[in-house]
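Dear colleague,

I am passing on the structure below, and I would be glad if you could look through it alongside the notes that follow. They go element by element, beginning with a pair of helices.

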Amino acid sequence: MGSFRAPVGRSSALPEASCGYLLQELQMIWNEIGQDQLEREKVLVDLEQECLEVYRRKVDAANTSRARLHQELAEAEAEFTHLLLSLGERSLPGRPEKMVGTLKEQLDSITPALRDMRLRKEDRVNKFRAVQGQIQKISAEIAGQSEYENSSSDVRVNENDLSLKKLEEYQTELQRLHNDRNERLKRVEKYINSIQKLSSILGTDSSMIITKVHPSLNELCGIAKNISNSILAKLNSTVESLEEEKQKRLEKLHDLGKALKNLWNLMDTPYKDRQLFSHVTGLLSVSSAEVSDPGSLTQKIIQQAEAEVKRLDQLKVSKMKELFLKKQNELKEICKKSHMEIPVQAKMDNIINLMKSGEIDHADLVMSMDQQISRAEDEACSRKTIMEKVEKWILARDEERWLEEYGRDENRYSVRRGAHKNLRRAERARVLVSKIPALVDLLIENTRSWEEERKKTFLYDEVPLLAMLEEYIVLRQEKEGERQRQREVKFQGLIGQHQPENLFLPSPSSSPTRISNRSVNGGFSTAMPLNRRLSLGLQKLGPNSIDLGTQGISKEGKKAQRQKMFARPGLVSPARDETASVVSTFSGPLSP
């Protein structure tokens, strides 16, 4: 307390506001009052105690401030270190490595770096929140949670790990989810397109089918499409069911189309009526994957085809007999044209009776007839070459008969109208007749080859052709022998006459007898007289002459049989007005 005692009296060196000045002022006042010394000492002690309290408070406040600065600096350094670790960075450019100076200077030096790190952390957190928000949104879409709200405040970010590596991991996950979502959207779009295409083919409402799978798949709803696994599975199942329905309907139309074609072929349905269901028969050669036309497999088309098949089935029974008779006539015409064996009528009548009683299947019957017609056409085709040569042979035989009758005409060389035409025809006929042996030999060779190949006999109007040819050869040889004997008889008769001039009896220049048109054109029913010169010579032979009629009687039966065979209507061609032109096809051009 001695610090508060001072000499009595004012000092001009002390400032008026200092403690010493005030103490002096207090001493002067006490001196004037006459204050007791003990009282003075007590007041001074109180003053000194109050001053100590004030100093103590100030020191405590300074200590508190220093401690706070130490704490702030430590917290700043700790926060800065934590930010470095959470952001995954080793250091920050511009921050001093060692802290120097007072506490405030150290705190002022770290504050800008700390502020920058806080800004970087906030930016990094925003990036994490955005990426994680996208991940949660896409994950919710993939999971089928259409009610997900895109709120970034609900995203929890782990601020202890804000490194770029972690951010890249989230971004990679986000990219994977993006790709997965795009792939799912493509699959959904593909399924929807398939459903729409199949629905257009089947004639169903695709919008109703798609909405039934999930309302979000309908674009009219205006919400995000559900791309969850369950929706994809439903879409796939829907497409598969539509494909199965498409296959079933196509198979049904295949069956109906085959039935229609069989019924059309059975009843020879006109082309105009078949065109009404060409869209059904056109699907017979088409697979399920190739059917793409809208409305081609609708239920209406199937019902129409079923109704048509039912109608044709009812008509089939009534028209089957008519169809069978038509095919029977077709078969007979083929056989008749090619001179083949015609089926027995009794057998055909028996088939008609079975058809009426329902004991025979109509389709099998018509198929059997078609097979018979096909075999008949095949055999007719194989007989074509031989039949052409047979026709040539028949024409040549006609010319041969005409030539024989022409040779028996006594007035063939007389001057009359049309005689020169007969002379020209006779010249061509001789050329044609000379080719008959070679033609017959070729026919025999071809016929035998045909029979060996087919393992059956070649019939011509139910008669073996080889037998006909052999009979013709024998008959021709007999005719040749007959002509040779006639020449010998004529020669002997001429030698036996006593007067040589009788050999040259003048023939009449003209005669009322003429060759009939039937004889000139190849008729054979009228017998012609022998050559007049030959008959005159025979009359001069007298009783020594040989009767030609008696020579041929012994062989009359055999000749009659052969003539009957070769005179059958089927073997003799009818008279032709253009005989000369037909003959020229075998003999070639001849001089008149």
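In this predicted model, helix α4 (residues 164-202) packs against helix α6 (residues 229-267) at an angle of about 25°, and their axes lie 10 Å apart. Because angles under 35 degrees count as roughly parallel, α4 is roughly parallel to α6. The crossing in which α4 passes α6 is left-handed. On the α4 side, the residues that take part are R184, R187, V188, Y191, S194, I195, L198, S199, I201 and L202, and they meet N229, L232, L235, N236, T238, V239, L242, E243, E245, K246 and R249 of α6. Sorted by class, this contact of α4 with α6 comprises ten nonpolar, five polar and six charged residues.

The loop between α5 (206-213) and α6 contains S228. Is S228 buried or exposed? Its relative accessibility is 5%, and since buried means under 20%, S228 counts as buried. If neighbours within four places in sequence are left aside, S228 is in contact with E141, I142, A143, G144 and R184. R184 is also one of the α4 residues that meet α6.

Turning to the N-terminal part of the chain, helix α1 (residues 19-33) consists of 15 residues and extends 21 Å from its first C-alpha to its last, close to the 21 Å expected at 1.5 Å a residue. Its buried residues are Y21, L23, Q24, Q27, M28 and W30, and these pack against α2 (37-87). After α1 comes G34, which has a positive phi, near 90°.

Helix α2 also holds A74, which is partly exposed, with a relative accessible area of 43%. Between A74 and L107 there are 9.2 Å in space, C-alpha to C-alpha, although the two are 33 residues apart in sequence.

Finally, how does the span of helix α14 (residues 465-496) agree with what its 32 residues should give, and what is that span? At 1.5 Å a residue, α14 should span 46 Å, and the C-alpha atoms at its ends are indeed 46 Å apart, so the two values agree. The residues buried in α14 are L465, L466, M468, L469, Y472, L475, E478, E482, V489 and G493.

With best wishes

Notes. Residues are numbered from 1 along each chain as its sequence is written. This is a predicted model: local features need pLDDT of at least 70, side-chain atom pairs count only at pLDDT 80 or more; totals for chains, interfaces and linings use all residues. Side-chain values use heavy atoms; hydrogens and water are left out. Axes are lines fitted to C-alpha atoms, for helices over the stretch in contact, and angles run from 0 to 180 degrees between N-to-C directions. Helices (H or I, at least four residues) and strands (E, at least two) are DSSP runs, numbered from the N terminus. Angles under 35 degrees count as roughly parallel, over 145 as roughly antiparallel, 65 to 115 as roughly perpendicular and the rest as oblique. A crossing is left-handed if the near helix is turned anticlockwise from the far one by less than a right angle, and right-handed if clockwise. Contact means heavy atoms within 4.5 Å. Ala, Val, Leu, Ile, Met, Phe, Trp, Tyr, Cys and Pro count as nonpolar, Asp, Glu, Lys and Arg as charged, and the others, Gly among them, as polar. The expected span of a helix is 1.5 Å times one less than its number of residues. Buried means under 20% relative accessible area, exposed over 50%, partly exposed in between (1.4 Å probe, protein chains only).
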